[in-house]
Amino acid sequence: MVFILAYYCFCTDERGTFRRLEIAPKDGPDLCRSTIFLRSWLISFDFPMMSSKEELHAHLNGSVSFSTIEKLVARKPHLNIEHGMTAIRSGQRRTLDECFQVLKVIHQLVDTEEDILMVAKDVIREFAADGVKYLELRSTPRKEKTTGMTKRRYVETVIEAIRQCKNEGVDIEVRFLVAVDRRNGAEVAMETVKLAEDFMLSTGGLVVGLDLSGDPTVGHGRDLLPALQKAKNCGLKLSLHLSEVPSQADESELLLNIPPDRIGHGTFLHPEVGGSQSLVDKVRKHNTPLELCLTSNVKGQTVSSYSQHHFLYWYQMGHPSVICTDDKGVFCTDLSQEYQLAASTFNLSQEDMWTLSQKAIDCTFAPDLQQQLHQKWLELRPTLFQL
Ligand SMILES: CC(C)=CCNc1ncnc2c1ncn2[C@@H]1O[C@H](COP(=O)(O)O)[C@@H](O)[C@H]1O
Ligand SMILES: [Zn+2]
């Protein structure tokens with residue numbers, strides 16, 4: 001017990017800056033589960049500001065937790081999938097390619113409408129339990145011949161999960177971005193945009209946008225430009241994974257002209273890491289927010305260490321930057337942990353953290369909710385500074 005406490009114990013110094021006291025050497029699934037509970041408990045006492053956050057970059061299948069994986073494995077024992085194959089634990093690193101292999105294993109486990117419903121509801125409840133008040137989930141519609149699942153049913157099932165959570169009183173607003181996997185090429189991208197448009201019009205505002213993601217080393221954004229432009233023209237908000245690897249500068253130049261409404265990662269945009277001033281100028285000109293995922297980038301080895309993360313570059317410039325998880329299940333993290341990592345790495349105070357989470361409200365794709373969220377944040381603020 002003492003060991004577990006030490007693992008997640010944080011304190012604040014005289015500036016109110018978060019300090020992590022100790023890090024566990026290695027966490028197994030059991031330890032991970034118990035610490036997630038314990039950490040939520042500690043956070044609720046020590047950092048009330050952590051109970052007001054918004055998550056703007058979360059891939060559904062990458063966000064599946066240990067406990068949900070256990071339920072899926074029990075449904076499909078014949079697949080012989082073990083925990084080590086679906087998550088990258090504390091201290092472990094993988095190449096980006098290996099990270100995508102992990103997602104393929106999870107896809108094997110999630111291949112029916114029942115699975116999607118359970119996974120989406122669990123993920124929504126887990127974000128809510130972590131104090132996330134507004135969540136934008138994204139996922140790639142998948143067709144599974146063996147189970148009869150269609151892409152349309154896939155999206156309908158995610159929407160159903162969002163509605164059920166709402167009806168059950170889960171304290172979180174959820175919106176959905178339909179994802180285009182760049183690996184599948186231009187034709188599929190265009191079909192996906194049409195599907196997203198249909199759902200945007202038929203779900204009363206639950207589908208708000210389009211995400212471009214997938215293995216950044218596969219394909220080129222120029223082929224996807226017509227689909228992305230069509231999405232923008234029909235009113236879908238665009239969040240594009242850009243410059244996740246160093247070789248994407250040309251593609252980013254092109255896609256930034258659309259322009260996107262938000263950027264996922266943008267790890268190699270700035271000149272100090274092989275990007276260019278012209279790329280930075282384009283991002284600045286449109287004030288395009290960045291979705292930054294510290295653990296994902298470090299564990300996926302596109303960033304060498306937390307202190308080298310490009311969060312600092314953009315934060316120091318005062319550019320809108322939103323802390324996100326990317327794939328909380330795969331990377332064994334949650335949004336509270338990502339905020340704490342940013343705070344301890346970059347010497348941020350509680351006030352700084354508060355301001356970050358408050359400014360993220362203006363980066364959401366649900367303008368109809370922004371006023372309500374600002375009000376909620378103002379109501380929760382006094383509880384933070386009374387401590
Ligand atoms: C784990 C990993 C590779 C992290 C690196 N960051 C990522 N970069 C680009 N696309 C991603 C990333 N993480 C998840 N995705 C996308 O999200 C999908 C999984 O979630 P879903 O099935 O769309 O619900 C992946 O197949 C991939 O298309
Ligand atoms: Zn991502």
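So, the aromatic cluster: in this predicted model, ring pairs join Phe-311, Tyr-315 and Phe-346 together. Let me walk you through how that works, with the structure up on the screen.

Searching the whole structure turns up 3 aromatic pairs. Take Phe-311 and Tyr-315, whose rings are stacked, with 5.0 Å from centre to centre and 15 degrees between the planes. Both residues belong to helix H12, which covers residues 311-316, and they sit 4 residues apart, about one turn of that helix.

Now, are these two buried or exposed? Phe-311 counts as buried because its relative accessible area is 0%. Tyr-315 has a relative accessible area of 26%, so this one is partly exposed.

Next, please look at the other partner of Phe-311. Phe-311 and Phe-346 are stacked as well, at 5.2 Å between centres and with 25 degrees between the planes. Where does each ring of this pair come from? Phe-311 is in helix H12, while Phe-346 is in helix H13, residues 335-346. That puts them 35 residues apart, so the pair links distant parts of the chain. Phe-346 is buried too, given its relative accessible area of 11%.

Before I hand over, let's turn to charges over rings. Which ring does Arg-262 lie over? That would be Phe-365: Arg-262 is over its face, 3.8 Å from the ring centre. Then there is Lys-328, whose charged end sits over the ring of Phe-127, at 5.5 Å from the centre.

If you'd like one picture to keep, keep the cluster: Phe-311 stacks with Tyr-315, and Phe-311 stacks with Phe-346. Thanks, everyone!

Technical notes:
Residues numbered from 1 in each chain as written. Chains lettered and ligands numbered in written order. Predicted model: local features only at pLDDT ≥ 70, side-chain atom pairs only at ≥ 80, totals over all residues. Heavy atoms only, no water. Phe/Tyr/Trp six-rings, centres within 6.5 Å; stacked < 30°, edge-to-face > 60°. Helix = DSSP H or I, 4+ residues; strand = E, 2+ residues; numbered from the N terminus. Buried < 20%, exposed > 50% of the residue type's maximum accessible area, 1.4 Å probe, protein only. Lys NZ or Arg CZ within 6 Å of the ring centre and 35° of its normal.
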